[in-house]
Amino acid sequence: SSANRLSAGGRAVASLWSDRFRGAALGARWQWVRPRGEGGWATGADGIVLPTEKGDLHQDTNNASLLTTALPRTGNVRIEARLQLDAPDGCCADPVQAGLVVMKDDDHYVKLVELAHDGLRQVEFAKETTPAQPGYPRYGNTVVGTPGTWTWLRLDIQRNGGEERYTAWSSQDGIDWTKGGTWTHQLGHNARLALVAMGGTGHHATFDSITVSRFTSVNKTRAHKNSPHKNSPNKNR
């Protein structure tokens, strides 16, 4: 059922559904793409726990397991997640990451994840697409703040005619938010949400909750604007 609430900016947000993954099985809305094997996930008191895996979703490497669900086909949509990645300080030799992907397919998506790589901890917001011309980049990324012990991720989708704008936010407490950049994309009416935990083995991502809502406009208050910077694809993926 839908529930109306006010965002920090005083604008109405209508919750469409929320999942806290406390049951013994996944809800009917969720479907696996490249399913994990036995022991590859678990639900329970803390939410859904996904061990990080070696697979990835990056240019020609498309072997990560994806836990997907449908999104509303039209209108403005907000996706929020609370998650924890247990990678310690100083981690990791591989770009271990966990978070959200909104995708048309493996080569057309936006990705908002907590990333741990070579001692760097950050929230990364990336886009992959078909290049306009041969030799042009397929993948690019920006930074959206610093993770906390638990990290809140928010992805706002604004649709206006044929234009789709994807704006990223992150928070360490779910109250004060850092606003990141905005990507434009053409993911279409059939775009799906996917949860990922990928880039390297040996760690766990816990998703406490996922909420999908309608919103009327972008929340502009209680946000700390984060200037997008380009990052080395070797370091920040």
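**Exercise 1. A salt bridge between two strands**

Which residue meets R154 in a salt bridge between side chains? Determine also where the two partners lie and whether they are buried or exposed.

*Solution.* The structure under study is a predicted model.

Step 1. The side chain of R154 meets that of E80 in a salt bridge, with an N to O distance of 2.9 Å. A salt bridge requires such a nitrogen and oxygen to lie within 4 Å, and the value of 2.9 Å belongs to a pair that satisfies this.

Step 2. Strand β14 (residues 151–160) contains R154 and strand β9 contains E80, so the contact ties together parts that are 74 residues apart in sequence.

Step 3. R154 and E80 are both buried.

**Exercise 2. Further salt bridges**

Establish how many salt bridges the structure holds, and describe the pairs formed by D94 and by R138.

*Solution.*

Step 1. There are 12 salt bridges in the structure. One of them joins the side chains of D94 and K54, at 3.2 Å from N to O.

Step 2. This pair links distant parts of the chain. D94 belongs to the loop between β9 and β10, whereas K54 belongs to the loop between β5 (47–51) and β6 (57–58); the two are 40 residues apart.

Step 3. The accessibility of each partner follows from its relative accessible area. D94 has 29% and is therefore partly exposed. K54 has 54% and is therefore exposed.

Step 4. R138 forms a salt bridge with E128, and their closest N and O atoms are 3.4 Å apart. Because R138 lies in the loop between β12 and β13 and E128 lies in strand β12, the pair ties together parts that are 10 residues apart in sequence.

Step 5. R138 counts as partly exposed because its relative accessibility is 22%. E128, with a relative accessible area of 0%, is buried.

Step 6. Salt bridges with shared partners also join R20, R22, R82 and D208 into one network.

**Exercise 3. The bond between two cysteines**

Characterise the disulfide of C91 and C92 and the peptide bond that joins these residues.

*Solution.*

Step 1. The structure holds one disulfide. It is formed by C91 and C92, whose sulfur atoms are 1.5 Å apart. The cut-off for a disulfide is 2.5 Å between the sulfur atoms.

Step 2. The angle about the S-S bond is 95 degrees, and the link of C91 and C92 is right-handed.

Step 3. C91 and C92 are also joined by a cis peptide bond, with omega of about 10 degrees. Most peptide bonds, by contrast, are trans.

Step 4. C92 is placed in the loop between β9 (77–85) and β10 (96–105).

Step 5. C91 counts as buried because its relative accessibility is 9%. C92 counts as buried because its relative accessibility is 8%.

**Exercise 4. Positive phi values**

Locate F21 and R34, and state what is notable about the phi of each.

*Solution.*

Step 1. Most residues other than glycine have a negative phi.

Step 2. F21 is not a glycine, yet its phi is positive, at about 60 degrees. F21 sits in the loop between β2 (12–19) and β3 (31–33). Its relative accessibility is 4%, so F21 counts as buried.

Step 3. R34 likewise has a positive phi, near 55 degrees, and is a residue other than glycine. R34 is found in the loop between β3 and β4 (42–44). At 27% relative accessibility, R34 counts as partly exposed.

**Exercise 5. A sheet of seven strands**

Give the strand order of the open sheet and identify its edge strands. Then examine the pairing of β12 with β13 and the surroundings of K111.

*Solution.*

Step 1. Seven strands form the open sheet, in the order β3-β8-β17-β10-β11-β12-β13, with antiparallel pairing.

Step 2. β3 and β13 (139–143) are the edge strands, as each pairs on one side only.

Step 3. Neighbouring strands in this sheet are turned against each other by 25 degrees on average, direction ignored.

Step 4. Strand β12 (residues 120–128) pairs with β13 in the antiparallel sense over five bridges. F125 stands opposite T142 in β13.

Step 5. K111 belongs to strand β11 (residues 108–117). K111 counts as buried because its relative accessibility is 0%. The side chain of K111 makes a polar contact with the side chain of E124, at 3.3 Å.

Notes
Residues are numbered from 1 along each chain as its sequence is written. This is a predicted model: local features need pLDDT of at least 70, side-chain atom pairs count only at pLDDT 80 or more; totals for chains, interfaces and linings use all residues. Side-chain values use heavy atoms; hydrogens and water are left out. Helices (H or I, at least four residues) and strands (E, at least two) are DSSP runs, numbered from the N terminus. Buried means under 20% relative accessible area, exposed over 50%, partly exposed in between (1.4 Å probe, protein chains only). A polar contact is a pair of N or O atoms within 3.5 Å; within protein, one must be able to donate a hydrogen and the other to accept it, and residues adjacent in sequence count only if both atoms are side-chain atoms. Two strands pair if DSSP finds at least two bridges between them. Axes are lines fitted to C-alpha atoms, for helices over the stretch in contact, and angles run from 0 to 180 degrees between N-to-C directions.
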